[in-house]
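Visitor: I'm new to this one, and I'd like a close look at a single part. Could you walk me through the sheet, strand by strand?

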Amino acid sequence: MNATSEVLANDDRVIATKWTMSPDSETGHHTHNYDYVVVYLSDGMLTVTSEAGEIEVPVAKHQLTSRPAGVRHNVMNRTAEPLEFIEIEIK
């Protein structure tokens, strides 16, 4: 099952996307063209796979993370609860 996304802003400076991940959903493998920040809107656990392997990532409401552009990855919600976050790519 695929996670759903909604583009909240796309201007000359940023792309902001809200992701909603139901249980057992995933984003699908993708690569960001820009550095980005993620703001989590709910508590939970995400599973992230990349060329480096698979990791379990606990997340908390209002926690922030940042990542560089160029890493191919997939994000999965293997928990029983839905998860939401906003991803802000910096152009």
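Guide: Happy to, and let's begin with one pair of residues: Ala-9 has Ala-16, in strand 2, as its bridge partner. Keep in mind that this is a predicted model. That pair belongs to a longer match, as strand 1 (residues 4-10) and strand 2 (residues 14-21) are paired by six bridges in the antiparallel sense. Three residues sit between strand 1 and strand 2, and the two strands form a hairpin.

Now carry on from strand 2 to its next partner. Strand 9 (residues 83-90) runs antiparallel to strand 2, with eight bridges joining the two. To find your way along that seam, look for Thr-20, whose bridge partner in strand 9 is Glu-84.

Strand 9 also pairs with strand 4 (residues 35-40), again in the antiparallel sense, over six bridges. Here a handy marker is Tyr-40, which has Phe-85 of strand 9 as its bridge partner.

Put the pieces together and you get an open sheet of five strands, in the order 1-2-9-4-7, with antiparallel pairing. At the edges are strand 1 and strand 7 (64-67), each of which pairs on one side only. Ignoring direction, neighbouring strands in this sheet are turned against each other by 20 degrees on average. As for what holds such an arrangement together, strands of a sheet pair through backbone hydrogen bonds, either parallel or antiparallel.

Note on methods. Residues are numbered from 1 along each chain as its sequence is written. This is a predicted model: local features need pLDDT of at least 70, side-chain atom pairs count only at pLDDT 80 or more; totals for chains, interfaces and linings use all residues. Side-chain values use heavy atoms; hydrogens and water are left out. Two strands pair if DSSP finds at least two bridges between them. Helices (H or I, at least four residues) and strands (E, at least two) are DSSP runs, numbered from the N terminus. Axes are lines fitted to C-alpha atoms, for helices over the stretch in contact, and angles run from 0 to 180 degrees between N-to-C directions.
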